[in-house]
Structure formats: C-alpha cells, structure tokens
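Student: Please take a close look at one part of this model and describe how that part is placed among its neighbours. Give the cut-offs behind each term as you go.

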Amino acid sequence: MALHVPGQLVDIASGPQVCHGRGMIARKVISKGELILEDPPLIIINTRLSLKRFGDGVAFWKGEESKATRHVEQALQEASNIDRDVYRGLHVMDPNAGKTMRDIDIAKHNAYNFTWNKNVYLAVCQYVSRINHSCIPNSMAAGVRTKEGIVGSIRLVATKDILQNEEIFLEYQTEDQFWLQSAAVRMSELQQNWHFQCACPACHASTCQFYDNAFAHIRWLRAIASSALPDTELQLIQRINDLKILISMLLAFGFGDGRLSAA
Ligand SMILES: [Zn+2]
C-alpha cells in the first residue's frame, strides 16, 4: 500500500523504485506548472561554504568531514523529536552503519541544496527528499524563504503534465549543462555522488542514443544562439529558425522556465 501524503497530490510509493529509494507517485493527473507539494525542511544545514567552494560537495563531505559531521549533528539536535524520527526513516545507503554515519549519509543523499547569503545550505525534507532522480525530470524544486531569509519550505512544481500513478522525478545534479552531457558522463557522476545506476530513458541502454543525439543537437543550437548576430537577412532568418527549434526542443523535454532562461 502506498502511503498517503495528507493534503498533497502525491503518495509515497509502496516499495523501492527502479533506481533507489521508494519515490513519490502522482495520486491524480497533475498539470504542468501545478504546485505538487510544499514541504517544510526537517533540518537545514549551513555548510558555511560558498557555491564555488561547495561545488559538487566534495569540499564539505570529504574535505572537511569532521566539520560536516558536527554541522549535521547540530542541525539534528535543534530539530524536534518528531522531525528527527522522520529524518532517520529516510533512505540510507548502509542501514547497518553506526548512528552518526547513518545521520551523515541521510543528509548526503537526501538533501536539497540552495544558496542564501552567499553560503550553500542543505535542506532535508520529509517528502521532497524521497523523490528519485531522472535526467529528464517532470518536476522542479525551489526554496520559499521566510522574512528572515531562511527556507520555510521547499515547493515542488510540475514541469510536465503528469499522469495518475506516474512517478515524480527531480534532477539531483542541478548544475546547468549537466543534463546535456552524454549518458555515460551523467551515469558516472551520479554513481560517484549518489551511488546509483540511473535507469531513466535518457540513460537506459535501449533509448540513450536517441537522447544523446537530441542533447548534442541542443548543445549545438545553444552555441549558435550565443554567437554573434549574423550579417545577412537570410542568415538572420536561419538564426530565428534555429532559436525556434531550440525552444521547442527544450519544451518537448519538459524543461521549465528556469532551464529555458539558462539556455
Ligand atoms: Zn539518467
């Protein structure tokens, strides 16, 4: 039985999905642009690192491991007993590891990263943190800040029309350009950082060639779009056509406004 999420459009799936965790399933048809859920963080960790220094997280999780442990444990101490229990029920790589290792592992694999006041923060949520990865996701997450600037909740919005019982996916690696890499590059990075083999259509052996070709075409169109304006009217018409193709391809892959403006 799937677990019902009160007042939301999604359920927690009944068992592990293709990639890793249990995942979230649409309870009904969800339209593109619709708010799927709003999820207050269980804990927020201030990494005290700029986005540049945080990078892919190595500086925090490996380079300053003892600091990471202290920050995660401090955030857990400040959480309520209920939030702490919910946190410890989230996906963990090695359930037999010691308590501190499990606490760190949960933060490492379930946190949503956001930047505030030039520092990277990590928010772990009850529901958003359960969502599995896809390189062609159907949702986007964004932090909603309180007056004090702290993230009061994470909002999850559909970037595609989603069918009833379809799984909700987020892209874990949010760096621009990541999704445009080849399947081999993406899979290697996901394996290294999140320890799972991506099985989304863009990575699956039977369909990845189609996506690799399409993404290579998008990379080419993006390069054209950012080059100097052409001289002749004919070339200008060609440029406009290229831009139209680029926009329609981005929309076809369900990339929302954030992605589109980055293109
Ligand atoms: Zn993938």
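Tutor: What follows deals mainly with one helix and its partners, after a few words on the whole chain.

This is a predicted model, in which local features need pLDDT of at least 70 and side-chain atom pairs count only at pLDDT 80 or more, while totals for chains, interfaces and linings use all residues. Residue numbers start from 1 along each chain as its sequence is written.

The protein has nine helices and eleven strands; these are DSSP runs numbered from the N terminus, H or I of at least four residues for helices and E of at least two for strands. Of its 263 residues, 32% are buried. Here buried means that 20 or more other C-beta atoms lie within 10 Å of the residue's own, exposed means 12 or fewer, and partly exposed is in between, with C-beta atoms placed from the backbone. Among contacts with a separation of 6 or more, 62% join residues 24 or more positions apart; a contact is a pair of residues whose C-beta atoms, placed from the backbone, lie within 7 Å.

The part to examine is helix α7, residues 208–225. Its 18 residues should span 26 Å at 1.5 Å a residue, and the end C-alpha atoms are 25 Å apart, which agrees. The expected span is 1.5 Å times one less than the number of residues. Cys208, Tyr211 and Phe215 are the buried residues of α7. Seen down the axis, they fall within an arc of 60°, so they line one face of α7; the arc is that of the directions from the helix axis to the C-beta atoms. The face of α7 turned away from this buried side carries exposed Gln209, Phe210, Asn213, Ala216 and Trp220.

The buried residues of α7 pack against α6 (183–194). For the twelve residues of α6, the span expected at 1.5 Å a residue is 16 Å, and the end C-alpha atoms are 16 Å apart, in agreement. Ala183, Arg186, Met187 and Leu190 are buried in α6. They cover an arc of only 95° around the axis, which puts them on the same side of α6. Ala184, Val185 and Gln192 are exposed on the other side of α6. The buried residues of α6 pack against α7 and also against β8 (132–133). After α6 comes His195, with a positive phi near 60°.

Another partner of α7 is α8, residues 233–252. Two packed helices are described by the angle between their axes and the distance between the axes. The axes of α7 and α8 come within 10 Å and cross at roughly 135°. That makes α7 oblique to α8. Axes are lines fitted to C-alpha atoms, for helices over the stretch in contact, and angles run from 0 to 180 degrees between N-to-C directions. Angles under 35 degrees count as roughly parallel, over 145 as roughly antiparallel, 65 to 115 as roughly perpendicular, and the rest as oblique. The crossing of α7 and α8 is left-handed, that is, the near helix is turned anticlockwise from the far one by less than a right angle, clockwise being right-handed. In this contact, α7 supplies Ala214, Ile218, Leu221, Arg222, Ile224 and Ala225, which meet Asp242, Leu243, Ile245, Leu246 and Met249 of α8.

Notes: Contact = placed C-beta atoms within 7 Å.
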